[in-house]
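This text goes through a structure step by step, from single elements to the chains they belong to. Please keep the sequence and the 3D view at hand while reading.

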Amino acid sequence: MSKKNEDIDTEFCHIPMGDGTYRDSDQKDKITRMIILGPGCEVSSKELLNFLHLLEVPINIRLTCYGANLNGYPDDVMYAVQRARELDPTHIFIKFRGFPPGDPRRCRAKRGGAREGFHQIEAEYKLLPEVSYALEHPKHVDLNPPEKIPVDEFSQIVKEIQSKK
Amino acid sequence: MKVAIFPPNSMILADMIVRSGHEPLVVQNQMKEKVTSPDLDAPPFNMTEDDPINGLKYAAIEVPSGVRGRMSLFGPIIEEAEAAIIMNEAPYGFGCVGCARSSELTVFSLRRKDIPVLELDYPTSRDDTVEMVYKINTFLDNLENNGEDEADD
């Protein structure tokens, strides 16, 4: 990144990226969320996109293979995320994202190959069917690990079982 | 309640925490602060020269600058954590989570804090995954109850 004074655009506060392009600083107050449709989801990503458009909130929506990326001011994005989750609460998952969609530092269109975060989604995607099942059938369990029993008691149990055979 | 998670970029853990009404402390939020600030030093990549210096709070000067740089990301998460969920043996480690020593130091710092911690093993079967979700939900619901009890006192 260039730090030369002549490279810095003081009028619009654009940050030079070092490759002749500038980065907007209007992203500072905005947030990005990824909506990920799990296996067995009732809606497709196209349906999700239509639904989000019909909400008419001022956010930037990007259709992806796994769902959608939302970028905008926190209130708008969280409203859209909440409404989208209502479509299928146990199969729609939300992931946080740091870089805005299409950021030249991470976007695969500029770099080539999958974005690093995509590998993470791919790895966790394999667990999602079971997670969805557990969310559909909620249950509380005991968090304390089972206690160890004394050796004498254990040998007694072994003897009892052997005597039954 | 603010809940730290490990791996700090996990989608499932963060999503479960949001579902239960708590706030997950994820590394993406720390990255967002860095990459969207209009600061002149906002990096095109992951580190600035200040990051290893900030990481000195957690690791000694002999520790590689990569570890200290990562600790400058994980540091605010550790500081703010009011509870933590740690998943051991998670097979993925992409981006800033890909350093074993930083991960050990982060988990160690979270364990050393006087906060409720739930430790899980990465599930390898269907039953384990379902059990993991039940454990996380129970832990998060208990947090809520404990918080209310303390407020009553």
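Start with helix H6 of chain A, which covers residues 151-164. At 1.5 Å a residue, its 14 residues should span 20 Å, and the C-alpha atoms at its two ends are 20 Å apart, so expectation and model agree. The model is a predicted one, and the distances and counts below are computed from it. Is H6(A) covered or in the open? Of its 14 residues, the number buried is 0, so H6(A) lies largely in the open. A residue counts as buried here if 20 or more other C-beta atoms lie within 10 Å of its own.

Strand S5 of chain A, residues 67-72, gives the opposite picture: 6 of its 6 residues are buried, and the strand is mostly covered. Which strands pair with S5(A)? One of them is strand S3 of chain A, residues 31-37, which runs antiparallel to S5(A) and is joined to it by 6 bridges. In this pairing, A:Thr32 stands opposite A:Asn71. Another is strand S4 of chain A, residues 60-63, which pairs with S5(A) over 4 bridges, again in the antiparallel sense. There, A:Ile61 stands opposite A:Leu70. With 3 residues between them, S4(A) and S5(A) form a hairpin.

These strands belong to an open sheet of 4 strands in chain A, in the order S4-S5-S3-S6, with antiparallel pairing. S4 and strand S6 (92-97) of chain A are the edge strands, since each pairs on one side only. From one strand to the next, the twist averages 20°. S6(A) is held to S3(A) by 6 bridges, and the two strands run antiparallel. A:Thr32 appears here again, this time opposite A:Arg97 in S6(A).

Now take chain A as a whole. It has 6 helices and 6 strands. Read from the N terminus on, its elements run β-β-β-α-β-β-α-β-α-α-α-α. Chain A holds 165 residues, and buried residues make up 26% of them. Where contacts in chain A join residues at least 6 apart in sequence, 55% of them join residues at least 24 apart.

Chain B has 6 helices and 4 strands. Its elements, from the N terminus on, run β-α-β-α-α-α-β-α-β-α. Of its 153 residues, 38% count as buried. Among its contacts with a separation of 6 or more, residues 24 or more positions apart account for 62%.

How confident is the predictor, and where is confidence in chain B lowest and highest? Chain B averages a pLDDT of 84, and 85% of the residues score at least 70. Confidence in chain B is lowest in helix H3 (residues 50-54), with a mean of 81, and highest in strand S2 (residues 23-25), at 94. For the complex, the predictor gives an ipTM of 0.85 and a pTM of 0.82.

Some single residues of chain B show how the parts meet. B:Ile17 has its place in helix H1 of chain B, residues 11-19. Why does B:Ile17 count as buried? Because B:Ile17 has 25 C-beta neighbours inside 10 Å. Apart from neighbours within four places in sequence, B:Ile17 is in contact with B:Val3, B:Ile5, B:His22, B:Pro24 and B:Leu140. B:Phe6 is 11 residues from B:Ile17 along the chain, and their C-alpha atoms are separated by 12 Å.

B:Val3 and B:Ile5 also turn up among the contacts of B:Ile85, again leaving aside neighbours within four places in sequence. The other contacts of B:Ile85 are B:Leu13, B:Leu118, B:Ile136 and B:Phe139. Several of these residues reappear in the largest nonpolar core, which has 58 residues. Those that touch the most other members are A:Ile35, B:Val3, B:Ala4, B:Ile5, B:Leu13, B:Ile85 and B:Ile136.

The last residue is B:Thr129, found in helix H6 of chain B, residues 126-152. With 21 C-beta neighbours inside 10 Å, B:Thr129 counts as buried. What does B:Thr129 touch, not counting residues up to four places away in sequence? B:Thr129 touches A:Leu127, A:Glu130 and A:Val131 in chain A, along with B:Pro123 in chain B.

Key:
Residues numbered from 1 in each chain as written. Chains lettered and ligands numbered in written order. Predicted model: local features only at pLDDT ≥ 70, side-chain atom pairs only at ≥ 80, totals over all residues. Expected span 1.5 Å × (residues − 1). Buried ≥ 20, exposed ≤ 12 C-beta atoms within 10 Å, placed from the backbone. Core = buried A, V, L, I, M, F, W, Y, C linked by C-beta atoms within 7 Å. Contact = placed C-beta atoms within 7 Å. Pairing = 2+ DSSP bridges. Axes fitted to C-alpha atoms, helices over the stretch in contact; angles between N-to-C directions. pLDDT = per-residue confidence, 0-100.
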